[in-house]
Amino acid sequence: MRVHVVSDVHGNTRDLARAGEGADALICLGDLVLFLDYADHSRGIFPDLFGVENADRIVALRTARRFEEARAFGRQLWAGLDREAAIVSAVRKQYAEMFAAFPTPTYATYGNVDIPALWPEYARPGTTVLDGDRVELDGRVFGFVGGGLRTPMRTPFEISDEEYAAKVEALGEVDVLCSHIPPDVPELTYDVIPRRFERGSRALLDAIRRTRPRYALFGHVHQPLAQRMRIGATECVNVGHFAATGRPWALEW
């Protein structure tokens with residue numbers, strides 16, 4: 001059995017269409033939406049609406065962790081516009097392209113920048129959406145936990161620690177624990193390019209120590225200090241920033 005795993009697709013539809021080649025199934029760990037590309041400020045919903053110069057400025061503010069200034073600047077830009085309608089319209093266009101690119105079968109969960117309420121409209125037969133759910137693939141049980149935890153960035157699908165922990169608990173023992181965000185381990189949550197820690201989950205870390213899955217797979221941190229490490233019996237793997245690499249991570253057994 002060979003499974004390909006991707007995360008942080010962020011609009012890379014071209015490579016997503018090839019991500020399942022040679023595999024029996026594709027797993028997607030979320031963040032399909034590209035709101036703003038921090039490497040190329042001309043790409044994404046934000047520059048399409050407000051231009052590259054404004055994208056340059058908001059990236060600079062956020063990178064400097066001047067979140068209040070970034071929010072104030074954003075409010076100025078959005079003044080007089082229907083923000084929700086504009087974003088949903090742009091996200092719908094991206095989802096239509098990306099869900100059409102998923103091979104059959106695909107097993108997917110949400111990232112923190114995704115809008116879960118829209119997924120049922122675009123998930124075709126052959127794409128199974130899981131969040132706090134399990135699926136068995138050739139004798140191995142995979143558990144899925146979607147979304148992220150609350151941060152100053154206030155991305156669309158951030159939930160409380162308690163709600164997130166409840167989803168982790170609902171999975172029970174699994175062979176492969178799949179999530180968008182990593183367990184709360186400094187080496188796995190630190191992003192070396194913006195030089196900051198992203199939020200990891202203590203509930204995931206506790207579940208790894210308690211239930212000892214074979215693998216814990218995740219994304220979210222685009223340039224992690226450590227891409228993989230062992231926690232007890234569990235191999236923890238950041239499957240990579242698919243938007244940049246275009247390459248899935250492979251699991252075989």
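Helices in this account are DSSP runs of H or I with at least four residues, numbered from the N terminus. The structure is a predicted model, and the paragraphs below take up a pocket, a cavity and a surface patch in turn.

With helices defined in that way, the second largest pocket is a convenient place to begin. The space in this pocket comes to about 310 Å³. Its lining is made up of 14 residues, and those closest to the pocket centre are Ile45, Asp48, Ala90, Lys93 and Gln94. Helix 5, which spans 83–101, and helix 2, which spans 45–50, each contribute at least two residues to the lining. Helix 5 provides the largest share, with five residues. In terms of residue class, the lining of the second largest pocket is mixed: five residues are nonpolar, five are polar and four are charged.

Attention now turns from open space to enclosed space. One cavity of 30 Å³ or more is counted in the model. The largest cavity holds about 40 Å³ of space. Lining this cavity are Val168, Leu171, Gly172, Val174, Leu177, Ala207, Thr211 and Pro213. Two helices, helix 7 (161–171) and helix 9 (202–211), each supply at least two of the lining residues. The class make-up here is six nonpolar and two polar residues, with no charged residue in the lining of the largest cavity.

Among the residues lining the largest cavity, Ala207 deserves a closer look. Ala207 is part of helix 9. Its relative accessibility is 5%, and Ala207 is therefore classed as buried, the cut-off for that class being under 20% relative accessible area. Leu177, another of the residues that line the cavity, sits 30 residues away from Ala207 along the chain, and the C-alpha atoms of the two are 9.1 Å apart.

On the outside of the model, Val192, Ile193 and Leu225 together form a nonpolar surface patch of about 280 Å². Leu225 belongs to the loop that connects strand 12 (215–218) with strand 13 (228–231). Because its relative accessible area is 52%, Leu225 counts as exposed, a class that requires over 50%. Membership of a patch calls for over 30% relative accessible area, and Leu225, at 52%, therefore meets that part of the rule.

Taken side by side, Ala207 and Leu225 illustrate two accessibility classes in this model: Ala207 is buried at 5%, whereas Leu225 is exposed at 52%.

Conventions. Residues numbered from 1 in each chain as written. Predicted model: local features only at pLDDT ≥ 70, side-chain atom pairs only at ≥ 80, totals over all residues. Heavy atoms only, no water. Patch = residues over 30% accessible without salt bridge, like charges linked within 9 Å, V, L, I, M, F, W, Y side chains within 5 Å. Areas by Shrake-Rupley, 256 points an atom, 1.4 Å probe, with all protein chains shown as cover. Salt bridge = Lys/Arg side-chain N within 4 Å of Asp/Glu carboxyl O. Buried < 20%, exposed > 50% of the residue type's maximum accessible area, 1.4 Å probe, protein only. 1 Å grid on protein atoms, 1.4 Å probe; cavity = no way out; pocket = protein on both sides within 12 Å on 5 of 7 lines; lining within 4 Å. Points joined across faces, edges and corners; volume = space filled by probe spheres on them. Nonpolar A, V, L, I, M, F, W, Y, C, P; charged D, E, K, R; others polar.
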